[in-house]
Amino acid sequence: MCRDSVPNTCRMCSDWANLQRRTRPPPVPRRCSPGEENQTPPVSRRCSPGEENQTPPRCLGAIPPERRTRPPPVSRRCSCRLSASSFRMMLLWILAALCASSAEADFFPLDSISNVSSYYFNYIYCNIWEGECQPHQDDAAQQVPTRDLWAGLPQDYMSLVHQWYCSLGQCCDSGDCRVTNNITGLALDLRTRLHGQHLVQSVVLKAVQGFLSSPESNKPLTLSFHGWSGTGKNYVARIIADNLYRDGVKSECVRLFIAPFHFPHARLVDTYKGQLRESIRDLVLRCPQTLFIFDEAEKLHPGLIDAIKPFMDHYDNVDGVNYRRALFLFLSNIGGATINDVALDFWHSGQNREDIGMEDLEHRLRAETMESHGGFAKSELMSGHLIDFFVPFLPLEYRHVKLCARDAFTARGLQADEATLDEVAKAMLYVPKEERLFSAQGCKSIPQRINFFLP
């Protein structure tokens with residue numbers, strides 16, 4: 001085998017050799033001529049002018065056998081990962097470059113551009129990279145950009161950036177995709193999915209629709225739902241959430257509080273006050289329209305209700321925060337017996353339950369709530385007359401239970417005949433004992449009971 005050298009081979013510096021290996025193809029090998037394999041390499045010398053670009057010839061005999069078939073090494077690209085700060089700077093430079101390339105710098109509101117860029121970065125970092133971040137909506141960087149913010153940008157750039165931002169799913173005609181305010185859907189659901197509650201259908205729809213159509217409301221909307229368990233209080237609260245918010249009760253703009261679960265210990269009421277105030281304030285800052293649901297509200301400590309009373313009062317703002325676009329729902333069993341007595345009196349007198357009006361029940365519910373032993377009676381919420389409507393949920397009759405059973409079968413993709421629906425309804429307990437008129441459990445256990453009647 002001949003050596004790896006040929007006459008006139010020069011000593012190259014390492015940089016030049018590396019460059020040659022990267023940019024030049026490997027030399028074509030040739031067969032050694034007779035006697036060439038035994039030649040000894042000459043002593044290396046410095047290159048003469050013009051000699052640096054010459055490619056030293058090679059022969060097959062000079063290449064070791066193990067290297068003759070080895071492919072040239074494949075170059076690898078180095079992987080890199082942008083840090084959060086680098087990516088943020090990149091976004092800022094892109095927007096700045098767009099603005100600078102189309103008009104003078106003083107034409108644009110630079111503070112608005114900075115806020116837009118900061119919002120985009122925070123959204124990507126928190127929602128796409130899933131970084132650890134804690135939004136603070138009083139910071140302009142956390143506010144959803146509105147059309148006014150884009151007023152200084154050229155129309156072409158505004159459309160381009162707006163389309164890119166909307167592709168992330170965070171903008172709608174309403175300004176916030178989380179809020180839908182589907183009044184048509186609310187009316188349809190109350191009419192078709194809620195049974196035996198004509199007062200609820202009317203009062204809730206008108207109250208919510210009137211509140212949403214009045215952008216300058218002087219206070220939050222506060223509704224108090226009253227009635228027996230199983231008559232639909234939680235169900236209506238869920239219907240409201242489903243039609244006002246894209247994600248329903250799971251929306252980050254909706255908060256559910258269950259009194260015995262979230263505030264179980266009376267000795268910790270002072271701690272609960274701070275937590276409740278902070279939770280409500282934080283949600284109002286996060287969302288332009290919020291919904292708060294208090295289940296089993298009669299078990300709330302009066303101090304807790306008084307702690308949030310300013311949020312439901314006629315104030316422009318409380319500590320710089322405007323709460324007038326919030327909805328508060330209080331769900332309670334208070335007044336259930338009074339509502340049942342009125343419905344039974346109408347039945348005894350031969351009148352239809354649909355003839356019962358708000359004038360027959362609301363003043364009784366208000367009086368009974370004031371005389372109750374729960375947190376409502378002793379709270380400033382009642383003495384300050386801050387509850388807009390006391391909404392009565394009537395007891396459900398046999399025919400209403402059958403409709404609930406039909407809906408439960410339909411929800412599972414099944415069709416039940418009248419005989420099966422009758423069997424489900426007959427399995428429920430009815431009161432009073434003599435009349436057996438009202439379902440003691442309403443429709444609450446229907447979805448579980450139909451399991452016994454499946455084929």
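**Pockets, cores and loops**

Me: What is the volume of the second largest cavity?
Reply: This is a predicted model, in which local features need pLDDT of at least 70, side-chain atom pairs count only at pLDDT 80 or more, and totals for chains, interfaces and linings use all residues. Residues are numbered from 1 along each chain as its sequence is written, and side-chain values use heavy atoms, leaving out hydrogens and water. The structure holds two cavities of 30 Å³ or more (on a 1 Å grid over the protein atoms alone, a cavity is a set of points where a 1.4 Å probe fits but cannot get out; points are joined across faces, edges and corners, and a volume is the space filled by probe spheres set on them). For the second largest cavity, the volume is about 30 Å³.

Me: How many charged residues are in the lining of the second largest cavity?
Reply: The lining (residues with an atom within 4 Å of a point) consists of Pro 220, Pro 310, Phe 311, Asp 313, Tyr 315, Asp 316, Asn 317, Val 318, Tyr 323 and Arg 324. Ala, Val, Leu, Ile, Met, Phe, Trp, Tyr, Cys and Pro count as nonpolar, Asp, Glu, Lys and Arg as charged, and the others, Gly among them, as polar. That sorts the lining of the second largest cavity into six nonpolar, one polar and, for the charged group, three.

Me: Which element gives the most residues to the lining of the second largest pocket?
Reply: The second largest pocket contains about 910 Å³ of space (a pocket is an open set of points with protein on both sides within 12 Å along at least five of seven lines). Of its 34 lining residues, Gly 232, Asn 234, Tyr 235, Cys 443 and Lys 444 are closest to the centre. Elements that each supply at least two lining residues include β2 (254–258), β4 (326–332) and α16 (398–411); helices (H or I, at least four residues) and strands (E, at least two) are DSSP runs, numbered from the N terminus. With five residues, the element that gives the most is α8.

Me: How many nonpolar residues are in the lining of the second largest pocket?
Reply: Let's sort this lining too. Eight of its residues are polar and ten are charged. The nonpolar residues in the lining number 16.

Me: Which helix supplies the largest share of the largest nonpolar core?
Reply: A nonpolar core is a set of buried Ala, Val, Leu, Ile, Met, Phe, Trp, Tyr and Cys residues joined through side-chain atoms within 4.5 Å; buried means under 20% relative accessible area, exposed over 50%, and partly exposed in between (1.4 Å probe, protein chains only). The largest core has 77 residues, and Phe 225, Ile 280 and Phe 294 touch the most other members. Its largest share, nine residues, comes from helix α7.

Me: Which residues does Ile 280 touch, not counting those up to four places away in sequence?
Reply: Ile 280 is one of the core members that touch the most others. Contact means heavy atoms within 4.5 Å. On that basis, the partners of Ile 280 are Phe 292, Phe 294, Ile 308, Phe 311, Tyr 323 and Phe 328.

Me: What separates the C-alpha atoms of Asn 181 and Leu 244?
Reply: Asn 181 sits in the loop between α5 and α6 and is partly exposed, at 28% relative accessible area. Its contacts beyond four places in sequence are Leu 212, Asn 243, Leu 244 and Gln 289. Although Asn 181 and Leu 244 are 63 residues apart along the chain, their C-alpha atoms are separated by 4.0 Å.

Me: What is the approximate phi of His 385?
Reply: Most residues other than glycine have a negative phi, and most peptide bonds are trans. His 385, in the loop between α15 and β5, is exposed because its relative accessibility is 58%. The phi of His 385 is positive, near 50°.

Me: Which residue follows Val 431 across a cis peptide bond?
Reply: The bond has an omega near -10°. The residue after it lies in the loop between β6 and β7. That residue is Pro 432.

Me: How many strands does the protein have?
Reply: Buried residues make up 42% of the 455 residues. The secondary structure includes 18 helices. The number of strands is seven.
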